[in-house]
Amino acid sequence: MLLRSLFVLFLIFLTFCNAEEELIERKLTGKTIYISTIKLPWFQALNHCVKNGYTMVSIKTFEENKELLKELKRVIRTEDTQVWIGGLKHHQFANFRWVSDGSHVATASGYTNWAPGEPADSFYYDQFCMAMLFRKDGAPWDDLNCWVKNLFVCEKRDD
Ligand SMILES: [Ca+2]
């Protein structure tokens with residue numbers, strides 16, 4: 001009886017885990033994205049993307065930003081206000097680069113969508129990872145502490 005109860009609990013646990021790991025996959029122009037249903041620190045998020053055959057999302061044009069934002073707004077709950085994207089600064093004085101191909105965020109296409117005053121590292125120089133900040137009027141980019149746990153977006157670009 002105890003064994004049976006434990007087995008049922010185990011099945012419930014597995015179901016719960018699968019629900020947590022569920023992929024939200026969407027086809028966008030030129031790429032497939034995968035929106036996480038779990039929150040992770042930035043580096044673990046990148047690892048999660050790579051393990052699933054993706055990299056972290058890059059945003060090279062206004063159109064890409066608009067399309068991604070539209071998709072995210074459909075699936076992300078209003079209380080989730082920060083979502084990791086694939087921009088990383090390797091050291092304090094470096095520029096942000098997209099991890100997908102190493103290109104500079106600022107010069108990849110000339111397009112950026114930083115929030116006013118960002119990227120603005122804090123006094124402690126601990127903001128090396130890029131996120132979208134969800135607000136009523138849009139989702140500008142910000143650099144945040146990489147250890148914060150956020151939802152994240154992975155991408156696989158079409159060949
Ligand atoms: Ca910042």
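**Phe43 and helix 2**

I began with Phe43, which I found placed in helix 2, and I noted that this is a predicted model. I asked whether Phe43 is buried or partly exposed. Phe43 has 14 C-beta neighbours inside 10 Å, and because a residue needs 20 or more to count as buried, Phe43 is put down as partly exposed. I then looked for a residue far off along the chain and noted Trp147, which is 104 residues apart from Phe43 in sequence, with 8.1 Å between the two C-alpha atoms.

Next I listed the buried residues of helix 2, which are Trp42, Ala45, Leu46 and Cys49. They cover an arc of only 100° around the axis, so they sit on the same side of helix 2. That agrees with a general point about helices: an α-helix has 3.6 residues a turn, so residues three or four places apart point the same way. What covers these buried residues of helix 2 includes strand 3, strand 4, strand 6 and strand 8. After helix 2 comes Gly53, and I recorded for Gly53 a positive phi, near 85°.

**Val148, in the loop after strand 7**

I turned to Val148, which lies in the loop between strand 7 and strand 8. Val148 has 15 C-beta neighbours inside 10 Å and therefore counts as partly exposed. Its C-alpha atom is separated by 7.3 Å from that of Trp42, although the two residues are 106 residues apart along the chain. Trp42 is one of the buried residues of helix 2 that I had listed above.

**The chain as a whole**

I then stepped back to the protein chain, in which I counted 3 helices and 8 strands, running α-β-β-α-β-α-β-β-β-β-β from the N terminus on. Of its 159 residues, 31% count as buried. Among the contacts with a separation of 6 or more, 62% are between residues 24 or more positions apart.

Before reading further I checked the confidence. The mean pLDDT of the protein chain is 87, and 86% of its residues reach 70 or more. Confidence is lowest in helix 1, residues 2-21, with a mean of 63, and highest in strand 3, residues 55-56, at 98.

**Strand 4 and its partners**

Which strands are joined to strand 4 by bridges? I found strand 6, which runs antiparallel to strand 4 (residues 82-88) and is joined to it by 4 bridges. I found strand 8 as well, running parallel and joined by 2 bridges, and strand 5, running antiparallel and also joined by 2 bridges.

For the individual positions, I noted that Gln82 stands opposite Leu133 in strand 6, while Val83 has Met132 in strand 6 as its bridge partner. Val83 also stands opposite Leu151 in strand 8, and Gly87 has Trp98 in strand 5 as its bridge partner. I recorded that 6 of the 7 residues of strand 4 are buried, so this strand is largely enclosed by the rest of the structure.

**Strand 6**

Strand 6, residues 129-133, has 4 of its 5 residues buried, so it too is largely enclosed by the rest of the structure. Besides its bridges to strand 4, strand 6 is joined by 4 bridges to strand 7 (residues 141-144), and these two run antiparallel. Met130 stands opposite Asp143 in strand 7.

**The core around Val83**

I looked up the largest nonpolar core, which has 34 residues, and those with the most contacts inside it are Met56, Val83, Ile85 and Cys129. At least two residues of this core come from each of strand 2, helix 2, helix 3, strand 4, strand 6, strand 7 and strand 8.

What is Val83 in contact with, leaving aside neighbours within four places in sequence? I listed Leu72, Ile76, Ala131, Met132, Asn150, Leu151, Phe152 and Val153. Two of these, Met132 and Leu151, I had already noted across from Val83 in the strand pairing.

**A cis peptide bond**

Last, I checked the peptide bonds and noted a cis bond joining Glu118 and Pro119, with omega at about -5°. Pro119 has its place in the loop between strand 5 (97-98) and strand 6. I set this entry beside the general expectation that most peptide bonds are trans.

Conventions
Residues numbered from 1 in each chain as written. Predicted model: local features only at pLDDT ≥ 70, side-chain atom pairs only at ≥ 80, totals over all residues. Buried ≥ 20, exposed ≤ 12 C-beta atoms within 10 Å, placed from the backbone. Pairing = 2+ DSSP bridges. Core = buried A, V, L, I, M, F, W, Y, C linked by C-beta atoms within 7 Å. Contact = placed C-beta atoms within 7 Å. pLDDT = per-residue confidence, 0-100. Arc of directions from axis to C-beta.
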